Amino acid sequence: MTKFRSNVAVQCGINPAIIAEYLWYLLMNETEGDDACNRHGHHWCRCSARMMTAEFPFLSIPMAKRAIKVLSDRG
């Protein structure tokens, strides 16, 4: 089962909500304590659309890219 926040899904759609939750997980769990992922006071992680589709096989690469664009456009 895939978890996501319903308020993000209402504002952006289900696919962006799934991607947002995945990126949040990466930032909070996999970069914790890693100075290489902290630049200019912001946490960063590297994750391609292809990597996301490996994690979520029900998303295509264009679907993942659209989800990222929606999240980026909405801030």
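Tutor: Before we start, a nonpolar core here means a set of buried Ala, Val, Leu, Ile, Met, Phe, Trp, Tyr and Cys residues joined through side-chain atoms within 4.5 Å. Keep in mind that this is a predicted model.

Student: How do the elements of the protein chain run from the N terminus on?

Tutor: The chain has four helices and two strands. Reading from the N terminus, the order is α-α-β-β-α-α.

Student: Which element gives the most to the largest nonpolar core?

Tutor: That core has 13 residues, and Ile 19, Tyr 22, Cys 47, Met 52 and Phe 56 have the most contacts inside it. The elements giving two or more residues are α2 (14–30), α3 (49–55) and α4 (61–74). With four residues, the top contributor is α2.

Student: Take Met 52; leaving aside neighbours within four places in sequence, which residues is it in contact with?

Tutor: Met 52 is one of the core residues with the most contacts inside the core. Outside that four-place window, the partners of Met 52 are Ile 19, Tyr 22, Leu 23, Cys 47, Ala 64 and Ile 68.

Student: And the largest pocket, which element supplies the largest share of its lining?

Tutor: The pocket has a volume of about 420 Å³, and 15 residues line it. At least two lining residues come from each of α1 (6–12), α2 and α4. The largest share is five residues, from α2.

Student: How many residues of that lining are nonpolar?

Tutor: Nearest the pocket's centre lie Ala 20, Leu 23, Leu 71, Ser 72 and Gly 75. By class, the lining has one charged residue, four polar ones and, for nonpolar, 10.

Key
Residues numbered from 1 in each chain as written. Predicted model: local features only at pLDDT ≥ 70, side-chain atom pairs only at ≥ 80, totals over all residues. Heavy atoms only, no water. Buried < 20%, exposed > 50% of the residue type's maximum accessible area, 1.4 Å probe, protein only. Contact = heavy atoms within 4.5 Å. 1 Å grid on protein atoms, 1.4 Å probe; cavity = no way out; pocket = protein on both sides within 12 Å on 5 of 7 lines; lining within 4 Å. Points joined across faces, edges and corners; volume = space filled by probe spheres on them. Nonpolar A, V, L, I, M, F, W, Y, C, P; charged D, E, K, R; others polar.
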